Amino acid sequence: MDIVVEHLTKRYGPQKAVDNVSFRVKAGEVLGFLGPNGAGKTTTMKAISCYINPDEGDVKVGGYSIKEHPEIIKKNIGYLPENNPLYQDMNIIDFLEFIAKIHGIPRYLIPERILDMVRICGLEGEKHKLISELSKGYQQRVGLAQALIHDPEILILDEPTTGLDPNQIVEIRELIKRIGKEKTVILSSHILAEVEATCDRILIINNGRIVVDGTAEELRKQAAGNEILKLGIQGGDVNDIFESLLNLETVDSVDFIDIDKQLFEVQSLKEETSVKPIFDLCVRNNYYISELTPTEKKLEDIFRQLTLH
Ligand code: ATP
């Protein structure tokens with residue numbers, strides 16, 4: 001089932017939480033939905049999951065509109081909301097049974113579905129514990145189990161690793177990756193590395209609008225453009241070298257990476273390379289190059305650049 005978001009707009013009072021957003025997710029894709037706090041991720045995900053009505057635009061899931069057929073869409077979507085609200089005083093099995101009944105899964109199938117979820121989400125050792133007794137990582141597994149129990153084609157996960165420790169984060173990411181092989185997944189996060197590690201495609205949203213849509217590779221290319229060199233120069237005063245680099249005609253900007261080691265980051269102007277001018281500069285001044293490595297712009301920097309207000 002493809003997801004097609006068409007000109008989605010949602011206002012809260014005068015504020016547009018989501019502003020004319022359109023994108024498409026193909027069946028089987030794992031899409032990372034990235035953006036700073038308040039960008040509009042949760043609002044978009046809630047609209048896709050039929051939890052809020054848009055003011056304008058529509059979402060179609062497998063061709064069905066959220067306005068006309070929310071009941072069909074809900075059957076096909078599993079949703080893990082932000083902060084994963086669970087019934088703390090139920091044990092895992094009872095809780096999953098309760099959710100299965102809400103979804104209308106036939107009674108005779110429920111025990112088998114619960115066992116599947118316990119297996120898939122790695123809950124064997126904990127299944128009789130109360131949810132309040134579980135670690136955050138295990139609570140998140142229960143959140144995934146409740147989202148998957150009706151075997152939806154699509155899984156929508158709102159910041160699934162928030163509040164987890166680094167080991168739990170790795171485990172939940174692995175689990176999501178495994179699930180992602182079988183399902184269409186939209187996962188929101190404000191951590192770029194997370195989205196890069198788990199997703200096929202990245203969508204960056206800022207102030208309710210999509211600012212980037214592509215793979216991590218495309219995103220790098222699009223924003224990189226300019227040559228960036230990590231450069232070490234010895235044999236002269238670090239500030240003189242800095243000034244001389246900045247004065248080269250091909251150079252756009254120079255930064256210190258490490259003043260003591262005389263390491264610089266040199267960014268060239270668009271479609272220029274500064275390698276030869278740097279060599280010439282060193283020859284003229286009797287400097288020597290201790291390091292010269294092209295570097296990729298870090299995705300973190302690109303993200304920051306694209307989402308600065
Ligand atoms: P976060 O990463 O912090 O969860 P987000 O990208 O998910 O952020 P949304 O929760 O979609 O962002 O919120 C988008 C904007 O809409 C925010 O400015 C938020 O304050 C506002 N907003 C969201 N829900 C409501 C609501 N129920 N009432 C009023 N304003 C809201």
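**Surroundings of the ligand and the largest pocket**

A backbone N or O atom of Gly38 is placed 2.7 Å from an oxygen atom of the ligand in this structure, which is a predicted model. Taken by itself, the ligand exposes 630 Å², and 64% of that area is buried by the protein. Side chains also approach the ligand through polar atoms: one such atom of Gln15 lies 2.7 Å from a ligand oxygen atom, and a polar side-chain atom of Glu159 is found 3.0 Å from an oxygen atom of the ligand.

The shell around the ligand comprises 13 residues, of which Gln15, Gly38, Thr42, Thr43 and Glu82 come nearest. With regard to secondary structure, strand S2 (15-25) and helix H1 (41-48) each supply at least two residues of this shell, and the greatest contribution is that of H1, with 3 residues. When the residues of the shell are divided by class, 6 are polar, 4 are nonpolar and 3 are charged.

The largest pocket of the protein was examined as well, and the space within this pocket amounts to about 630 Å³. Its lining is formed by 20 residues, and those nearest the centre of the pocket are Tyr51, Ile99, Ile102, His103 and Gln146. Helix H2 (70-76), strand S6 (77-80), helix H3 (92-102) and helix H5 (136-148) each provide at least two residues of the lining. In terms of class, the lining of the largest pocket consists of 12 nonpolar, 6 polar and 2 charged residues.

Conventions. Residues are numbered from 1 along each chain as its sequence is written. This is a predicted model: local features need pLDDT of at least 70, side-chain atom pairs count only at pLDDT 80 or more; totals for chains, interfaces and linings use all residues. Side-chain values use heavy atoms; hydrogens and water are left out. A residue is near a molecule or strand if one of its heavy atoms lies within 4 Å of it. A polar contact is a pair of N or O atoms within 3.5 Å; within protein, one must be able to donate a hydrogen and the other to accept it, and residues adjacent in sequence count only if both atoms are side-chain atoms. Accessible areas come from the Shrake-Rupley method with a 1.4 Å probe; for residues, only the protein chains shown count as cover. Helices (H or I, at least four residues) and strands (E, at least two) are DSSP runs, numbered from the N terminus. Ala, Val, Leu, Ile, Met, Phe, Trp, Tyr, Cys and Pro count as nonpolar, Asp, Glu, Lys and Arg as charged, and the others, Gly among them, as polar. On a 1 Å grid over the protein atoms alone, a cavity is a set of points where a 1.4 Å probe fits but cannot get out, and a pocket is an open set with protein on both sides within 12 Å along at least five of seven lines; lining residues have an atom within 4 Å of a point. Grid points are joined across faces, edges and corners, and a volume is the space filled by probe spheres set on the points.
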